[in-house]
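Here are some exercises to work through with the model open beside you. Try each task on your own before you read its solution.

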Amino acid sequence: MSDLYHIQEPKLTFGYGQKLQDPRDGLMLFGPFTRNKLKGQVNIGIVGPEPQRGYLREYLKRIHRPVTPETPDKARPSFPGLEAAFDIFINFDNLAEIDVKSSEVERCLRFTDGYQRVHNLTNLYATPLEKYGNEEEMPVTVWFVVIPDSIYTYGRPKSTIPKATDNIRAGLKKKDRDSAQSFLFDDMNKMQEAYNFEINFHHQLKAKLLSAKVVTQIIKESTIAYDQIWSDEENILSARKFDTAKAWNIATTLYYKTGGIPWKLGDVREKVCYLGLVYKKTDTTESNTNACCAAQMFLDSGDGMVFRGNLGPWYNPTTKEFHLRKSDASELLNQSLVAFKEKSGFYPEQIFIHARTNFNDDEWEGFTGAAEGKTNVVGVKIRSDGTFKIYRDHPYCVPRGTVLQVSDKQGYLWSRGFVPRLQTQMGLEVPNPLSIEITKGMAAPVFLDTKMR
């Protein structure tokens, strides 16, 4: 029998151990969680064409001062300034900059083959960043990668450039893209590299800089300088409503990527651990089965840890699902349990492992084998579900935190929607719920501990 109810917003922990629901309230009143561990100046770098770098320099100086909305808005409160909110400030006297020629960006944007276009665009940024890390002495904590809107438009999957006489039609035929045999000409071998990555500027740049451990934040020019590059006054006025939200988001991201923790979950069940599995294909070719597995663990203290698993044939082109081998599942869970014990001094009483698909018998045997004698392991499938929506006779959609529980092991949670405290909803669409189902192991009914009728 189905049961519809609402659960309260979780509280977050900020400086001085104080707890509130809204992260912006908590940061303004008490400061970030690691307020005593990270403070003072931070060294950053900016990479991009000169016009875009200028926009970003101006913007970063602007968010050191308060950013206020033109009209009071509870959903988008004022931003007090970077130093006021996080107790850090950017060292503009020691700002590292790398120039990416606008002419080179325009040339790369003329490739009709999406793989070649994005591969060449990301190299314009990745190559000098790697070179800087190898040759320069001044450390840079975070690199801001500022891009023209054209890269965002034509650097995404399924994007196509307009037809033009000066377009560059270089590329390889499908039969040559996966060829194990080297080509006679070096330029063709270089072109083949492009097909090892997906057509996504953001993902591809992150992947190319992963081994170099370069921390980046990609920003689109219109995000920070819409009033300088747009001419439509109506669009400018509409975008201005989000100035405070952008300042909060960019400043919080900078603080986090600098090594700080803005906030932690306030109330987590004791002696319980949550482990989420994510997969990333290393080759976008549908028939290729190789993928990298990673896991993010959340401890009962609110701490988070990330483990990178092995690279292996985890992807099944037929089912389009990812699954680990027994030995790799065992190794990954064992790593997590050891890390939990090192942090707390004991193994968790219960560990929830969640993924987007059901666990097969092989990987589940690996998990339970590693957990035997140490903890109770529970498998959970979590995925966005668009098969149905809930509507109500109200100007706004269902409240965030709405739960439809259909059984002891399955329920639907709306993690987006109307926020009672703000008296508005974030976004204009009718949100889809998350489907949450216990598929392996024994546990209390879904949402039981947080049920609030």
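Two rings of Phe, Tyr or Trp (taking the six-membered ring of Trp) form an aromatic pair if their centres lie within 6.5 Å. By that rule the structure, which is a predicted model, holds 16 aromatic pairs.

**Exercise 1. Two ring pairs**

Task: Decide how the rings of Tyr279 and Phe322 are arranged, then do the same for Tyr396 and Phe418.

Solution:
- Step 1. Recall that a pair of aromatic rings is described by the distance of the centres and the angle of the planes.
- Step 2. Planes under 30 degrees apart count as stacked.
- Step 3. For Tyr279 and Phe322 the centres are 5.0 Å apart and the planes are at 10 degrees, so this pair is stacked.
- Step 4. Now place the two residues: Tyr279 belongs to strand β11 (residues 272-281) and Phe322 to strand β15 (residues 321-322), so the pair ties together parts that are 43 residues apart in sequence.
- Step 5. For Tyr396 and Phe418 the centres are 5.3 Å apart with planes at 25 degrees, so this pair is stacked too.
- Step 6. Tyr396 sits in the loop between β17 (376-384) and β18 (402-405), while Phe418 is in strand β20 (residues 418-419), so parts 22 residues apart in sequence are tied together.
- Step 7. Check the accessibility: Tyr396 counts as partly exposed at 30%, whereas Phe418 is buried, with a relative accessible area of 7%.

As an extra, look for the aromatic cluster formed by Phe359, Trp364 and Phe367.

**Exercise 2. The largest nonpolar core**

Task: Find out how many residues the largest nonpolar core has and which of them have the most contacts inside it.

Solution:
- Step 1. This core has 32 residues, and Phe79, Phe86 and Ile224 have the most contacts inside it.
- Step 2. Elements that give two or more residues to the core include α2 (50-62), β8 (142-147), α10 (221-229) and α12 (243-257).
- Step 3. The most comes from α12, with six residues.
- Step 4. Zoom in on Ile224: beyond its neighbours within four places in sequence, Ile224 contacts Tyr55, Leu56, Tyr59, Arg62, Val146, Ile219 and Ile250.
- Step 5. Another core, of 28 residues, lies apart from this one, and Tyr279, Leu332, Trp364 and Ala371 are among its members.

**Exercise 3. Two helices that pack**

Task: Work out whether α2 and α10 are roughly parallel or roughly perpendicular to each other.

Solution:
- Step 1. Two packed helices are described by the angle between their axes and the distance between the axes.
- Step 2. Here α2 and α10 pack at an angle of about 100 degrees, and their axes are 9 Å apart.
- Step 3. Angles from 65 to 115 degrees count as roughly perpendicular, and therefore α2 and α10 are roughly perpendicular to each other.
- Step 4. Where they meet, α2 brings Gln52, Tyr55, Leu56, Glu58, Tyr59 and Arg62, and α10 brings Glu221, Ile224, Ala225, Gln228 and Ile229.
- Step 5. Sorted by class, the contact has six nonpolar, two polar and three charged residues.

**Exercise 4. A contact across the sequence**

Task: Which residues does Leu265 touch, not counting residues up to four places away in sequence?

Solution:
- Step 1. Locate Leu265 in strand β10 (residues 264-265).
- Step 2. Leu265 touches Lys11, Leu12 and Thr13.
- Step 3. Compare sequence and space: Leu265 and Thr13 are 252 residues apart along the chain, and 6.0 Å separates their C-alpha atoms.
- Step 4. Leu265 counts as partly exposed, at 43% relative accessibility.

Conventions: Residues numbered from 1 in each chain as written. Predicted model: local features only at pLDDT ≥ 70, side-chain atom pairs only at ≥ 80, totals over all residues. Heavy atoms only, no water. Core = buried A, V, L, I, M, F, W, Y, C linked by side-chain atoms within 4.5 Å. Buried < 20%, exposed > 50% of the residue type's maximum accessible area, 1.4 Å probe, protein only. Helix = DSSP H or I, 4+ residues; strand = E, 2+ residues; numbered from the N terminus. Contact = heavy atoms within 4.5 Å. Axes fitted to C-alpha atoms, helices over the stretch in contact; angles between N-to-C directions. Parallel < 35°, antiparallel > 145°, perpendicular 65-115°, else oblique. Nonpolar A, V, L, I, M, F, W, Y, C, P; charged D, E, K, R; others polar. Phe/Tyr/Trp six-rings, centres within 6.5 Å; stacked < 30°, edge-to-face > 60°.
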